Amino acid sequence: MIRKILIVDDSPISRKMLKSCLPKEREFEIAEAGDGMVGVEMFKQFEPDLTFMDLTMPVMDGVQALVEILNFNVDAKVVVCTADVQIKSINRVLEIGAYHIVKKPPTRENINKTLEMVDDDNG
Amino acid sequence: MTIDDGKIITDEEIDILQEIMNIAFGTAAAELAEVINIFVELSVPYIRLIPADELPEYIRQEIHDVSMISMVEQNFWGKFKGSAFLIFPADAGRVFISLFEEGVASEDEGADSMDILAKETLIEVGNILIGACVGKVSELLGDNVTYSPPSVVLGNHPNDEIPQGLFDPANSAIVLRTVFCFQERDVSGFLFLVTSHESVQWIRESLATFMAQYE
């Protein structure tokens, strides 16, 4: 079961929206990062069961952060949560190894389904 | 920006609007990419609210050579009401021509027909980007807007100047500075939404409603 979630997004509003979509009946330990570089470092320290990753961010974008996280832990579950819904962008991050894509704005239904997928995969 | 300072929108509202614009422009880019063979490299959007009559000066500061720009205008009506201005380099229309599968003209057809085709292409790109972006903003905020046909208000001619009277001083400009880059073509642009104070008030109420679902 997912216990630790890392949210990487430069927008505090976006992070708030995503957090509010997490099921209230479950308890999670949540860490947040405002850019890809901080996100990668936090991933290494926090060791989340699931990471939500925005793509368009300052300092280090989500694509690069995704690459670095997967280089560190090839089994990392990184869900890209993005407004960039161009087919090329989605295919690119899936090819790199993103676990799943959630289109912004997130909904409770989408986030719940994502958590179920990860939980099922983790047995 | 705070209401206490006599300004019309709070910092938090700007943050929410920024996220909504981010989502809207992502949608717009995807719609454009479905129509023409292009990948739009999106940047972190930047939002400011300024008096509309300060917009020409703002554009001059942001775009160093304003004598070489093309500007597409499209008006929209709903509770969210105003004008959208999409700004490209002056030769963008010609660059976009090659991206459309149909209606491609060659230089052999003459300068006049190329100018017309470049202008029509620019209008079509503007129509898609503005329509999808404004449409998504209004959808997320619970509105439904209608549009005027887009037109090129400035462009293709060096030494065109931004008319000072183009922007009503009674209005506010939501400056969405997304520097979007058409990767294969090295073309970037800006989108500005100019809206009335009345619409800004509606936007503020709608942002609160939008965020209430995330409380």
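## Sheet and helix packing in chains A and B

In this predicted model, helix H2 (residues 36-46) of chain A lies across E1, E2 and strand E3 (50-53) of chain A, at about 170° to E1(A). Helix H5 (residues 108-121) of chain A also packs on the sheet, where E3, strand E4 (78-82) and E5 of chain A are touched. Helices (H or I, at least four residues) and strands (E, at least two) are DSSP runs numbered from the N terminus. Contact between residues requires C-beta atoms, placed from the backbone, within 7 Å. Axes are lines fitted to C-alpha atoms, for helices over the stretch in contact, with angles from 0 to 180 degrees between N-to-C directions.

| Helix | Strand | Angle |
|---|---|---|
| H2(A) | E1(A) | about 170° |
| H5(A) | E5(A) | about 170° |

The sheet of chain A is open, with 5 strands in the order E2-E1-E3-E4-E5 and parallel pairing. Strands E2 (29-33) and E5 (100-103) of chain A are its edges, each pairing on one side only; pairing requires at least two DSSP bridges. From one strand to the next the twist averages 20°. Strand E1 (residues 4-8) of chain A is joined to E2(A) by 5 bridges, and Val8(A) stands opposite Ala33(A) of E2(A).

In chain B, the axes of helix H1 (residues 11-35) and helix H5 (residues 197-212) come within 10 Å and cross at roughly 70°. H1(B) is therefore roughly perpendicular to H5(B) (65 to 115 degrees). Glu13(B), Ile16(B) and Leu17(B) of H1(B) meet Arg204(B), Leu207(B), Phe210(B) and Met211(B) of H5(B).

Residues are numbered from 1 along each chain as its sequence is written, and chains are lettered from A and ligands numbered from 1 in the order written. Local features need pLDDT of at least 70 and side-chain atom pairs count only at pLDDT 80 or more, whereas totals for chains, interfaces and linings use all residues.

Key
Angles under 35 degrees count as roughly parallel, over 145 as roughly antiparallel, 65 to 115 as roughly perpendicular and the rest as oblique. Two residues are in contact if their C-beta atoms, placed from the backbone, lie within 7 Å.
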